[in-house]
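Colleague: Before we look at this model together, please take me through it one question at a time, and explain each term when it first comes up.

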Amino acid sequence: MQPRDLSAHATYEAGRGIEEVARELGRDPASFVTLSSNENPHGPAPAAVEALREAAETASDYPKAAHADLTDALADRWDVSSGQIWLGNGGDGAIDYLSRAMLDPGDAVLVPKPGFAYYAMSTRFHHGTLDAYVLSKDRDFAQDPDSILGTYDGERIVYLTSPHNPSGTTMSLDAIERLADGTSDRTLVVVDEAYGEFAETDSAVALIEGRKGFDAREDVAVIRTFSKAYGLAGVRLGYAVVPDAWADAYARVNTPFAASELACRAGLAALEDAEHVEMTVESVRWAREHLATRVEAPAWPSEGNFVLFDVGDGAGVASDLQERGVIVRDCTSFGLPGCIRVTCGTESETKRAAEAINAVLDARDPTPDRGDAGGAATDREVNES
Ligand SMILES: *Cc1c(COP(=O)(O)O)cnc(C)c1O
């Protein structure tokens with residue numbers, strides 16, 4: 001007995017957690033700072049923690065009311081109909097529902113390279129095939145619609161990530177519209193806004209609904225998650241916002257009660273706590289700036305809760321940092337072996353990370369002219385606070 005041929009299926013490489021690394025090095029997990037998975041260092045909103053405690057009592061029930069309540073609350077927030085909100089087990093779960101709704105076996109999907117691994121995984125699970133468009137490091141990972149259209153070849157889904165993981169670049173709504181206009185009517189453009197709260201750009205929900213001067217359209221869907229700004233990565237809660245025209249497909253493809261009672265209750269409470277999200281976004285803005293200005297390596301301007309650095313040897317630097325108790329993401333698995341991605345931590349975590357990165361870079365290459373490669377680098381600040 002064997003499963004079907006899964007040899008083409010890559011496994012997901014998550015950023016390494018504290019427990020795993022501490023065990024391997026025989027050290028106390030409390031002595032590490034984990035900045036490898038773009039989690040919220042401030043945790044969930046206090047109200048969400050309380051909601052989780054309370055929901056424990058009703059965990060025996062299917063989440064009938066909670067699922068509907070959260071869907072309605074999100075519909076309210078985006079000013080769309082409830083049917084347009086597709087809850088999922090994380091943003092990843094919502095991506096799966098789009099795959100289920102859209103893909104026939106053999107349909108092709110166009111994904112960014114480098115990019116988020118789950119687009120390809122979900123495509124393979126749903127018997128689709130993959131093509132990739134390149135976001136070039138030499139062009140600072142610019143997301144240019146004409147360049148993507150140059151690679152586009154009638155794929156059924158095109159994934160955009162704005163802000164992009166791991167580079168932090170965004171795509172304007174004008175650019176997304178231009179891309180969607182340039183693809184066939186059969187092509188769905190999925191705009192993954194997992195880091196949308198941290199960005200200055202508007203949500204592509206405006207394209208779906210025809211707001212802000214754009215024409216409404218049926219070929220764009222948006223992915224959102226509670227894992228990042230809302231600090232609820234552990235409960236697995238995300239959703240898609242889809243055009244009303246085919247929103248009813250959800251009922252035909254979803255796993256019953258796609259999001260759990262606990263997730264829905266936590267999500268409802270988290271939505272109410274605007275202050276926690278604002279504090280998180282403020283903290284990320286500070287940390288991005290601190291990392292970009294203090295770390296003595298070229299960085300790309302990021303609109304996410306992370307910064308990508310060009311350090312020459314991502315695996316080596318990540319491993320040296322680990323020795324110093326700082327866990328960052330080696331971007332080799334993204335196809336960027338020269339880079340590390342550093343999540344914005346609390347103030348003290350971020351300061352510690354910046355110092356540790358500089359110490360590691362100094363130890364590896366004491367010559368002081370690591371510079372502004374790629375044109376994206378920020379100048380080093382000399383004064384330490
Ligand atoms: C984190 C992330 C997601 C969603 O993750 P979930 O935890 O499944 O919600 C989606 N896309 C990108 C690019 C991400 O980085």
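**Ligand, salt bridges and some single residues**

Colleague: How far is an oxygen atom of the ligand from an N or O atom in the side chain of Tyr195?

Modeller: The pair consists of an oxygen atom of the ligand and an N or O atom in the side chain of Tyr195. This is a predicted model, in which local features need pLDDT of at least 70 and side-chain atom pairs count only at pLDDT 80 or more, whereas totals for chains, interfaces and linings use all residues. Residues are numbered from 1 along each chain as its sequence is written, and side-chain values use heavy atoms, leaving out hydrogens and water. The distance between the two atoms is 2.6 Å.

Colleague: How much of the ligand's accessible area does the protein cover?

Modeller: Thr225 also has a polar side-chain atom 2.5 Å from an oxygen atom of the ligand, and for Ser227 such a distance is 2.6 Å. On its own, the ligand has 380 Å² of accessible area (Shrake-Rupley method, 1.4 Å probe), and the part of this that the protein covers is 94%.

Colleague: Which helix gives the most to the shell around the ligand?

Modeller: There are 14 residues around the ligand (a heavy atom within 4 Å), and those that come nearest are Gly91, Asp192, Tyr195, Thr225 and Lys228. Helices (DSSP H or I runs of at least four residues) and strands (E runs of at least two) are numbered from the N terminus. With three residues, from the stretch 90–102, the element that gives the most to the shell is helix 4.

Colleague: How many residues apart are Glu193 and Arg224?

Modeller: The structure holds 17 salt bridges (a side-chain nitrogen of Lys or Arg within 4 Å of a carboxyl oxygen of Asp or Glu). One of them joins Glu193 and Arg224, whose closest N and O atoms are 2.8 Å apart. Glu193 is in the loop between strand 6 (188–192) and helix 8 (205–209), while Arg224 is in strand 7 (residues 220–225), so that the pair links distant parts of the chain, with a separation of 31 residues.

Colleague: Are Glu193 and Arg224 buried or exposed?

Modeller: A residue is buried under 20% relative accessible area, exposed over 50% and partly exposed in between, using a 1.4 Å probe and protein chains only. Glu193 has 4% relative accessibility and Arg224 has 7%. Because of these values, Glu193 and Arg224 both count as buried.

Colleague: Which residue in helix 12 meets Arg364 in a salt bridge?

Modeller: Arg364 forms a salt bridge with Asp313, with the closest N and O atoms 2.7 Å apart. Because Asp313 lies in the loop between strand 9 (306–310) and helix 12 (314–323) and Arg364 lies in helix 13 (residues 347–364), this pair ties together parts that are 51 residues apart in sequence. Arg364 also takes part in a salt bridge of 2.9 Å, N to O, which ties together helix 13 and helix 12 at positions 44 residues apart. The partner in helix 12 is Asp320.

Colleague: Which residues are joined into one network with Asp79?

Modeller: Asp320, with 27% relative accessibility, counts as partly exposed. Elsewhere, a network arises from salt bridges that share partners. The residues joined there with Asp79 are Glu209 and Arg211.

Colleague: Which side chain does Thr280 touch in a polar contact?

Modeller: Thr280 has its place in helix 11 (residues 274–294) and, at 1% relative accessibility, counts as buried. A polar contact is a pair of N or O atoms within 3.5 Å; within protein, one must be able to donate a hydrogen and the other to accept it, and residues adjacent in sequence count only if both atoms are side-chain atoms. The contact here is 3.1 Å, and the other side chain is that of Asn40.

Colleague: What is the distance of the polar contact between the side chains of Ser167 and His164?

Modeller: Ser167 is found in the loop between strand 5 (157–161) and helix 7 (173–182), and with a relative accessible area of 0% this residue is buried. The side chain of Ser167 is joined to that of Thr169 by a polar contact of 3.3 Å. For the pair of Ser167 and His164, the polar contact is 2.7 Å.

Colleague: What separates the C-alpha atoms of Pro256 and Pro63?

Modeller: Pro256 lies in the loop between helix 9 (250–253) and helix 10 (261–272), and at 63% relative accessibility Pro256 counts as exposed. Along the chain, Pro256 and Pro63 are 193 residues apart, yet their C-alpha atoms are separated by 9.7 Å.
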